[in-house]
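Open the viewer and keep the sequence beside it. The walk below goes from the whole chain down to single side-chain pairs.

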Amino acid sequence: MKYKRLGLIVAFCFASWLVLAFVIFNENTVKKIDVETKKGSLLKYIQELETQISQQEETYKLLVDKLKKLTPRPENVLETLELQAPIHREPKVGTLAHKQPTTQDEILPVLVFSCNRPDIRRSLDGLLKYRPDAKKFPIIVSQDCAHGATAKVIRSYSDASQVTYIQQPDQSDPIVPPGEAKFKGYFKIARHYLFGLSQVFRTFNHTAVIIVEDDLDVAPDFFSYFASTYQLLKKDPSLWCVSAWNDNGKASLVDVQQGSKLLYRSDFFPGLGWMITKELWNELEPKWPKSYWDDWMRRPEQRKDRACIRPEVSRTRTFGKIGVSNGLFFDKHLKYIKLNEIPIDFSKENMSRLTQSIYDADYIRQVYSLPLVSAADVRTNTNLPFDGPVRITYHTKDTFKSAAKLLGLMDDFKSGVPRTGYHGIVSFFLNGRRIYLAPHSNWKGYDLTWS
């Protein structure tokens with residue numbers, strides 16, 4: 001009985017084990033089958049994707065081959081464009097990158113200095129009206145003062161890609177020496193010039209620049225004048241600038257009818273529309289002054305006996321009575337400056353005659369061969385020997401000033417140089433006659449010896 005019960009227990013345990021093993025084996029089998037099924041489906045899906053990708057790659061290659069046959073390579077496109085025309089892209093407002101075009105023609109940018117004068121529209125309209133080529137003469141406006149109304153006017157031109165607009169970032173008050181607080185504006189102007197010229201030569205990488213301010217009208221041949229004198233400026237080391245301005249350019253003191261072609265060398269730095277090269281800026285930039293930059297330019301240590309080219313009849317005229325100088329000289333003098341109205345194609349003129357080696361000998365010999373007359377006789381147009389050119393002499397600064405005032409000329413000196421003077425000689429046109437106000441001298445080569 002005891003063994004029978006033990007056998008039943010063993011049989012029951014064996015049957016239970018069989019049932020449990022069957023359940024476990026069956027469940028694993030189902031799971032294995034399910035996994036294998038899913039794995040097969042996934043592999044099939046991957047194979048289908050690979051096939052589609054392969055087909056797309058083939059299609060893409062066909063399209064690329066067709067495109068290459070229809071379109072030349074970018075390098076060839078660039079070469080073709082460079083042969084046809086210079087490439088020049090104006091940067092957007094506030095952009096400082098300015099790639100230099102590859103071209104045989106010189107690029108002469110016009111840098112317009114601006115502050116708080118919305119009337120800059122008048123100046124920009126004039127420049128755009130007479131500009132013959134936007135690529136050769138890109139216009140860059142540099143604004144100081146952060147004046148909103150003026151900025152809005154400038155941006156209206158930038159939006160049309162007519163000008164490049166940059167802004168002076170330093171709007172802090174400059175450090176002004178004691179007693180010069182009322183001249184703070186001159187310190188700001190000098191700082192602005194340093195910024196603007198550095199941008200043109202360092203950031204935009206131009207080789208020369210024409211500089212104007214926001215209160216200047218320009219003559220119809222303004223661009224012809226600078227384009228044609230640029231080569232002269234580059235080649236003659238005795239020159240350091242070209243100016244569009246004649247300080248004695250009143251209508252009563254210039255030959256309005258016949259003098260539009262006349263150009264002169266001058267030891268006086270005129271400003272008011274002027275051109276310099278990058279080489280000169282390399283020299284001036286490290287020592288640029290904190291204020292009164294124009295008088296600083298006229299000092300001997302900057303000028304170094306170099307001359308500027310200036311016209312008989314001005315190619316610029318200022319309309320800005322109100323400014324940092326508070327209208328100094330405007331009512332008395334500046335508003336009477338004659339702006340040239342007879343356009344000259346200076347590319348057809350012989351500029352080589354203005355090189356120092358040719359000009360000095362002819363000019364000085366001509367002046368000192370003329371009959372000598374008094375300033376009073378010239379003023380009244382009496383007791384003069386004939387209708388041709390004459391010479392008035394002066395011995396000191398005081399005698400120069402007396403004659404200049406009598407004749408309506410600017411009578412001041414800057415660093416010992418009279419306005420428009422060349423070797424001390426001031427040329428003007430009065431009562432239909434060419435007159436030279438010249439220092440007394442002994443003719444010895446090109447040197448003038450004051451007595």
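What follows covers the overall fold, then confidence, charged pairs, aromatic pairs and one helix residue.

Start with the whole chain. This is a predicted model. The protein has 451 residues, and 44% of them count as buried. Its secondary structure comes to twelve helices and 16 strands. The accessible surface is about 24,800 Å², with 56% of that belonging to carbon and sulfur atoms. Now consider contacts between residues at least 6 apart in sequence. Of these, 74% join residues at least 24 apart.

Next, check the confidence. The mean pLDDT is 83, and 73% of the residues reach 70 or more. Two stretches deserve caution. Residues 29–33 have pLDDT below 50, and this stretch makes zero contacts in the model beyond near neighbours in sequence. Residues 66–104 also have pLDDT below 50, yet that stretch has 44 contacts beyond near neighbours in sequence. Where pLDDT is low, the predicted coordinates should not be read in detail. Those 44 contacts of residues 66–104 fall under that caution.

Turn to the charges. The count comes to 22 salt bridges. One of them pairs aspartate 236 with arginine 265, and the closest N and O atoms are 3.1 Å apart. Aspartate 236 sits in the loop between helix 6 (222–235) and strand 6 (239–243), while arginine 265 belongs to strand 7 (residues 263–266), so the salt bridge ties together parts that are 29 residues apart in sequence. Are its partners buried or exposed? Aspartate 236 has a relative accessible area of 7%, so this residue counts as buried, the cut-off being under 20%. Arginine 265 is buried too, at 2%.

Compare a second bridge. Lysine 261 pairs with glutamate 349, and here the closest N and O atoms are 3.8 Å apart. This pair links distant parts of the chain. Lysine 261 is in the loop between strand 6 and strand 7. Glutamate 349 is in the loop between strand 10 (316–318) and helix 10 (356–368), 88 residues apart from its partner. Lysine 261 is partly exposed, with 43% relative accessibility. Glutamate 349 is also partly exposed, with a relative accessible area of 27%.

A third bridge joins lysine 338 and glutamate 341, at 3.3 Å from N to O. Glutamate 341 is exposed, with a relative accessible area of 58%. Charges can also form a network. Arg122, Asp217 and Arg317 are linked in this way by salt bridges.

Arginine 122 has a further role in the picture. Its charged end sits over the ring of phenylalanine 319, 4.1 Å from the ring centre. Lysine 397 has a similar entry. The charged end of lysine 397 sits over the ring of phenylalanine 413, 5.3 Å from the centre.

Now follow the rings themselves. The whole structure holds 25 aromatic pairs. A pair of aromatic rings is described by the distance of the centres and the angle of the planes. For phenylalanine 269 and tryptophan 293, the centres are 6.0 Å apart and the planes lie at 70°, so the pair is edge-to-face. Phenylalanine 269 is in the loop between strand 7 and strand 8 (274–277), and tryptophan 293 is in helix 8 (residues 293–297), so the contact ties together parts 24 residues apart in sequence. Both phenylalanine 269 and tryptophan 293 are buried.

Which two tyrosines form an edge-to-face pair with their centres 5.6 Å apart? They are tyrosine 359 and tyrosine 422, with their planes at 70°. Tyrosine 359 is in helix 10, and tyrosine 422 is in the loop between strand 14 (417–418) and strand 15 (426–430), 63 residues apart. Tyrosine 359 is buried at 7% relative accessible area, and tyrosine 422 is buried at 2%.

Step back to the grouping of rings. One aromatic cluster includes Phe113, Tyr193, Phe201, Trp240 and Trp274. Phe269 and Trp293, the pair described above, are in that cluster as well.

Finish at a single residue. Alanine 227 lies in helix 6. Its relative accessibility is 24%, so alanine 227 counts as partly exposed. Leaving aside neighbours within four places in sequence, alanine 227 is in contact with Leu108, Lys136 and Phe137. Isoleucine 210 is 17 residues away along the chain, and its C-alpha atom is 9.9 Å from that of alanine 227.

Note on methods. Residues numbered from 1 in each chain as written. Predicted model: local features only at pLDDT ≥ 70, side-chain atom pairs only at ≥ 80, totals over all residues. Heavy atoms only, no water. Salt bridge = Lys/Arg side-chain N within 4 Å of Asp/Glu carboxyl O. Helix = DSSP H or I, 4+ residues; strand = E, 2+ residues; numbered from the N terminus. Buried < 20%, exposed > 50% of the residue type's maximum accessible area, 1.4 Å probe, protein only. pLDDT = per-residue confidence, 0-100. Contact = heavy atoms within 4.5 Å. Phe/Tyr/Trp six-rings, centres within 6.5 Å; stacked < 30°, edge-to-face > 60°. Lys NZ or Arg CZ within 6 Å of the ring centre and 35° of its normal. Areas by Shrake-Rupley, 256 points an atom, 1.4 Å probe, with all protein chains shown as cover.
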